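Please look over the model below before reading the points. They deal with secondary structure, burial and nonpolar packing.

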Amino acid sequence: MDDHDHDHDHDHDHDHDHDHDHDHEHHHALGWREELEQSRDSARHYYEHRFDWRGHDPPPGYEGPRWYAPAEEWRLTAGLDGNTPGAGDHVELATSTGQLRHMVNAGQLVFEAKGAEQRLTAFLTHDAEGYETLFVPFRDATSGNETYGAGRYLDIPYERDDQAIELDFNYAYNPSCVYSPAYDCPFPPPANLLAVAVRAGERLPYEAEETG
């Protein structure tokens with residue numbers, strides 16, 4: 001995966017170097033907004049200086065990554081329901097190049113948003129340092145219009161005994177295939193479609209084409 005500039009190379013490869021300082025060494029000395037802006041500055045630098053377009057030109061209208069303004073309402077706490085059907089099973093996620101990505105279903109993250117219970121299946125993987133991480137690919141009501149139609153990703157630090165999991169959608173990011181179709185990016189499973197609009201995190205880096 002490369003993941004914006006901070007060597008988060010996980011085996012699920014969404015293939016960009018997308019560090020969000022959202023790891024086991026959380027920088028609590030920084031305020032939340034400062035930490036978020038620092039990660040975005042790093043992403044801007046990565047796409048300007050390090051991103052490999054793999055033979056493709058930047059998309060029309062591209063001027064670098066774009067994000068929603070920081071949204072406190074999308075800093076949430078979730079519980080992990082490990083008793084849902086399929087939890088603990090090895091699964092295969094289809095990818096943008098027709099491959100299959102092997103992962104482990106960790107269960108469903110359960111949280112409240114927009115006045116209702118929401119659920120997203122999380123997949124257990126490891127970061128570059130070997131720490132367990134929850135990979136959460138999802139779509140929502142902004143997908144295909146304000147955000148990438150194929151969905152966005154969250155990487156969440158995870159400890160087995162965590163009772164409450166920080167779920168900050170301000171760190172939602174695009175897979176690399178939004179920039180270049182040469183990358184191999186897992187698709188969110190059909191169940192990971194939120195009916196609500198998550199206006200937090202990374203937006204399309206260009207204007208969506210008019211449809212219809």
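The numbered points below go from the overall chain to its cores.

1. This is a predicted model, in which local features need pLDDT of at least 70, side-chain atom pairs count only at pLDDT 80 or more, and totals for chains, interfaces and linings use all residues. Residues are numbered from 1 along each chain as its sequence is written, and side-chain values use heavy atoms, with hydrogens and water left out.

2. The protein chain has one helix and nine strands (DSSP runs: H or I of at least four residues, E of at least two, numbered from the N terminus). The order from the N terminus is β-β-α-β-β-β-β-β-β-β.

3. Of the 212 residues in the protein chain, 53% are buried (under 20% relative accessible area, 1.4 Å probe, protein chains only). The chain exposes about 10,000 Å², with 45% of that supplied by carbon and sulfur atoms (Shrake-Rupley method, 1.4 Å probe).

4. Among contacts (heavy atoms within 4.5 Å) between residues at least 6 apart in sequence, 64% join residues at least 24 apart.

5. The largest nonpolar core (buried Ala, Val, Leu, Ile, Met, Phe, Trp, Tyr and Cys residues joined through side-chain atoms within 4.5 Å) has 28 residues; Trp 74, Leu 109 and Phe 111 are among those with the most contacts inside it. Elements that each supply at least two residues of this core include helix 1 (32–49), strand 3 (75–81) and strand 5 (100–113). Strand 5 gives the largest share, four residues.

6. Leu 154 touches, among others, Leu 134, Phe 135, Leu 167 and Phe 169, leaving aside residues up to four places away in sequence.

7. A second, separate core has 20 residues, including Tyr 47, Tyr 62, Leu 93 and Tyr 153.

How values were computed:
Buried means under 20% relative accessible area, exposed over 50%, partly exposed in between (1.4 Å probe, protein chains only).
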